[in-house]
Each structure stands twice: as structure tokens, then as C-alpha cells.
Amino acid sequence: MGYAAACHRCETNAGGMRMGNHMGAYALNLVFPQLGEAWRCVFVSKRQKAPLSTVIGTDVGDRSSDLVVILLLLGLSLFVAHPFIMDFLTKYAVGRDVRSIADDPVVWIGIAVVTGALWTLCRFFKTVKWVSDLNTNLTRIWEGFKVIFTMKKWWLYIILTLGIWTCYFFETYSVFMAFPFTRAFIHDPHMAAGFIPGLVVFVFGSMSMAVPSNGGLGPWNLAVMFALSLFGISNTEGTAFSMVMWSCQAAMLIAVSYNHLTLPPILRV
């Protein structure tokens, strides 16, 4: 359901993207990092006869709305799971290292310096060719991003976005019932029927998808294992959980993509 809602949202935003094409883009990400995103932008650009940078802007807008949802969910998960996270940051060496990095002023100064340098280049060196080209492309991307705020049926876009992330969450939550060590969360009165660890695992896994990888393989698994470790799940059990869930998702994407791209319409599910 979540992937179907994502397909309909893409049609609402960029247009010209059907179910099979969208699912094909997901499957291509399994072959090479971000290959599906690039293919989708090129496909829509040619189909709609629109500048590629503008289509990229709509894709950036699409992802930006997802980022807003992830940040909101991150804030919620940090609030509801605060005791577990603080216990991890205090008890384990990795947690203490993460905390020391976050508290290091040099890290934040470095981020500010890099941000300031990029802003200075774009603001005061517009006559330099590569800076001018960069500004032009960024302007087109911004124009594509603004489509979200001016599109028809913007309310449908918001409903589909909420529907996507609700389905994605329950996709993670449902896997909790497949393993005894996560199923125990559902019956623990301190875990809100498993929704607290489910939310943390879901948010950490979603954030890891920003790291270039083959459909999340590697970074997503590590993020899920890390999130489960906050609740006392061992690395062995966390590995089993993450690999089973990732493998099932990958198999589903391949099967649905094959179904929509190769079979005649009458035989499609």
C-alpha cells in the first residue's frame, strides 16, 4: 500500500509516471545506488518534454516532503524513547563516542564554515562560469520544488504523503511479530504495544536511506541493528531481523516491477 501511494503521489507531483515505471525505479536502486532516481527524472523529463533540472526540482520537492515527515518522526521518537537512548549513550562505548562528537564545538564550527563558503561562492562569484551554471540549475531546481505549493490537488499530495509513511511504519511494525525477541515488545507494557521500538527502528532505518547504497543494503541494516540495540537486542538477533526484512522488501520490489513492466495489462496484479 505504501509503494502504491508513493506511485500515485509521484503522478500528482511530476506527472507522467505510472505504477510500473515507479516500481521499476525502486528496483533499479537495488542494482546501483540512486540509479532509480536518476532514471525516473530522465524518464519524466523526456515524457513531459520538460528541462531535466526542473524535473529534478520536483523530485527534490518530493524528497523534501519526505524529509519533513522523517524529521517530525525523529523528534517524536527521541521524545518517546528518550530513556532508552540516554541509557545507551551512557552505558555503551559507541554511545559515548556519538555523544562526544555531537558535543564537540569543532564539528559544528566546521559545518558552519563549509555552509558559509558555499553561500559566499553562490552570492559573490556569480560571474564565474561554473558558479553561474550552478546558480542556474539551483534556480530551476527551486522552481520545480515550488510546484508542491502551487499544484492542483495539493491536499491530495499531503494525504498521500501521510498515507505513504503510515504504511511504511506498519510494514516495519508487522515484522516485529515474526521474531520472538521483537514480538516480546508488543506484550511489554512499557513499550506501548511495541510502537515505541517500532517507531525508533523505522525512523533510524528511514534516515539511513540517505546514504548511497543498493536499495539500503548495508547502511539500512546497520541502522536497524543499532536501533534494536537500544532496546537490548543483540547484534546476532538484529542482523537476522534486518536481513529478513530487507530481503522480503527486495523480493517484493523485483516481483512487482517484473509484473508491471513485462506482463500484459490483463495479467498484472
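User: At what angle do H12 and helix H13 pack?
Analyst: This is a predicted model in which local features need pLDDT of at least 70, side-chain atom pairs count only at pLDDT 80 or more, and totals for chains, interfaces and linings use all residues. Residues are numbered from 1 along each chain as its sequence is written, while side-chain values use heavy atoms and leave out hydrogens and water. The axes of H12 and H13 (residues 219–229) lie 8 Å apart, an axis being a line fitted to C-alpha atoms, for helices over the stretch in contact, with angles from 0 to 180 degrees between N-to-C directions. H12 and H13 pack at an angle of about 155 degrees.

User: Is H12 roughly parallel or antiparallel to H13?
Analyst: Angles under 35 degrees count as roughly parallel, over 145 as roughly antiparallel, 65 to 115 as roughly perpendicular and the rest as oblique. The angle for H12 and H13 is about 155 degrees. H12 is therefore, with respect to H13, roughly antiparallel.

User: How many charged residues are in the contact of H12 with H13?
Analyst: Val200, Val201, Phe204, Gly205 and Ser208 of H12 meet H13 residues including Pro219, Trp220, Ala223 and Phe226, contact meaning heavy atoms within 4.5 Å. Ala, Val, Leu, Ile, Met, Phe, Trp, Tyr, Cys and Pro count as nonpolar, Asp, Glu, Lys and Arg as charged, and the others, Gly among them, as polar. The residues of this contact comprise 10 nonpolar and two polar. The number of charged residues in the contact of H12 with H13 is zero.

User: Which residues in H10 do the residues of H4 meet?
Analyst: The axes of H4 (residues 52–80) and H10 (residues 154–175) come within 11 Å and cross at roughly 55 degrees, and the two helices are therefore oblique to each other. By class, their contact has four nonpolar, three polar and two charged residues. On the H4 side stand Gly61, Asp62, Ser65, Asp66, Val69 and Ile70, and on the H10 side they meet Tyr157, Thr161 and Trp165.

User: Is Thr182 buried or exposed?
Analyst: Thr182 lies in helix H11. Leaving aside neighbours within four places in sequence, Thr182 is in contact with Val175, Phe176, Leu228 and Phe241. Buried means under 20% relative accessible area, exposed over 50% and partly exposed in between (1.4 Å probe, protein chains only). With a relative accessible area of 0%, Thr182 is therefore buried.

User: Where does Ala192 lie?
Analyst: Ala192 has a phi near 50 degrees, a positive value in a residue other than glycine, and at 38% relative accessibility Ala192 counts as partly exposed. Ala193, also not a glycine, has a positive phi of about 60 degrees and is placed in the loop between H11 and H12. Ala192 likewise lies in the loop between helix H11 (180–186) and helix H12 (195–208).

User: What distance separates the C-alpha atoms of Glu171 and Gly198?
Analyst: Glu171 is placed in helix H10 and is partly exposed, with a relative accessible area of 23%. Glu171 and Gly198 are 27 residues apart along the chain. Their C-alpha atoms are separated by 9.9 Å.

User: How many helices does the protein chain have?
Analyst: Buried residues make up 39% of the 269 residues in the chain. Helices (H or I, at least four residues) and strands (E, at least two) are DSSP runs, numbered from the N terminus. The protein chain has zero strands, and its number of helices is 14.
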